[in-house]
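Please find below a colleague's note for someone who is opening this structure without any earlier acquaintance with it. The points are numbered so that each can be checked against the view.

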Amino acid sequence: MAKEGQGGATGLEAIAGAVGRGAATGAPPVHLWNPPFCGDLDLRIATDGTWYYLKTPIGRPALVKLFASVLKRKRTNTTS
C-alpha cells in the first residue's frame, strides 16, 4: 500500500501538490540545476502546448505541470 502524503494525496498527486505549494514561494532554482547528460529522452512539446512522451500525448495535467515547473531552455550556438 502506498504511503499517503500531505492531505491524503498519494504518488503523483502529492508531488503535484508540493509543486503547487512551492509556486507561492517562486519558481524553482533551475538555473542551479546542471545534471550530467544521461541520454536522449523522447519528450516533446508541440506548438499547441501538448506534451508528448514516446509520441503519445501526456494526459495528466499534474504531470505536465510538474515537468513545466523544472523546464530549462538550453541555448546552443548555431552558425549559418
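## Notes on the predicted model

1. A convenient place to begin is Ala 14, which lies in helix H1. This residue counts as partly exposed, at 24% relative accessibility, a value that falls between the limit of under 20% for buried residues and that of over 50% for exposed ones. Ala 14 and Ala 62 are 48 residues apart in sequence, yet their C-alpha atoms are 9.9 Å apart in space. As with everything that follows, this separation should be read as a property of a predicted model.

2. For general orientation, the protein chain has two helices and three strands, and from the N terminus on these elements follow the order α-β-β-β-α. Helix H1 covers residues 11-23 and strand S1 covers residues 43-45, strand S2 runs over 51-53, and strand S3 over 56-57. Of the 80 residues in the protein chain, buried residues make up 11%.

3. Which residue of strand S2 is buried? Tyr 52 is found in strand S2, and because its relative accessible area is 19%, under the 20% limit, Tyr 52 is classed as buried. The C-alpha atom of Tyr 52 is separated by 7.9 Å from that of Asp 42, a residue ten positions away along the chain. Asp 42 itself lies in the loop between H1 and S1 and is partly exposed, with a relative accessible area of 32%.

4. How many salt bridges does a search of the whole structure find? The search finds one, and the pair concerned is Lys 55 with Asp 42, whose closest N and O atoms are 3.7 Å apart. Lys 55 lies in the loop between S2 and S3, whereas Asp 42 lies in the loop between H1 and S1, so the pair ties together parts that are 13 residues apart in sequence. As general background, side chains of opposite charge can pair when their charged atoms come close. The two partners fall into separate accessibility classes, Lys 55 being exposed with a relative accessible area of 70% and Asp 42 being partly exposed at 32%.

5. The loop between S2 and S3 deserves a careful look at its backbone. Leu 54 lies in this loop and has a positive phi of about 50 degrees although it is not a glycine. Lys 55 is found in the loop between S2 and S3 as well, and its phi, near 65 degrees, is likewise a positive value in a residue other than glycine. Leu 54 counts as exposed at 52% relative accessibility, and Lys 55 is exposed too, with a relative accessible area of 70%.

6. Leu 54 also belongs to a nonpolar patch on the surface, which it forms with Leu 41, Leu 43, Tyr 53 and Phe 67, and the five residues together have about 460 Å² of accessible area. One of these members, Leu 41, is found in the loop between helix H1 and strand S1. Leu 41 is classed as exposed because its relative accessible area is 57%, over the 50% limit.

7. The largest pocket has a volume of about 910 Å³ and is lined by 21 residues, of which Trp 33, Leu 41, Leu 43, Leu 71 and Lys 72 lie nearest its centre. The elements that give two or more residues to this lining are S1 and S2, and the largest share, three residues, comes from S1. By class, the lining of the largest pocket has 14 nonpolar, two polar and five charged residues. Leu 41 and Leu 43 therefore appear twice in this note, as members of the nonpolar surface patch and among the residues nearest the centre of the largest pocket.

Notes
Residues numbered from 1 in each chain as written. Heavy atoms only, no water. Patch = residues over 30% accessible without salt bridge, like charges linked within 9 Å, V, L, I, M, F, W, Y side chains within 5 Å. Areas by Shrake-Rupley, 256 points an atom, 1.4 Å probe, with all protein chains shown as cover. Salt bridge = Lys/Arg side-chain N within 4 Å of Asp/Glu carboxyl O. Helix = DSSP H or I, 4+ residues; strand = E, 2+ residues; numbered from the N terminus. Buried < 20%, exposed > 50% of the residue type's maximum accessible area, 1.4 Å probe, protein only. 1 Å grid on protein atoms, 1.4 Å probe; cavity = no way out; pocket = protein on both sides within 12 Å on 5 of 7 lines; lining within 4 Å. Points joined across faces, edges and corners; volume = space filled by probe spheres on them. Nonpolar A, V, L, I, M, F, W, Y, C, P; charged D, E, K, R; others polar.
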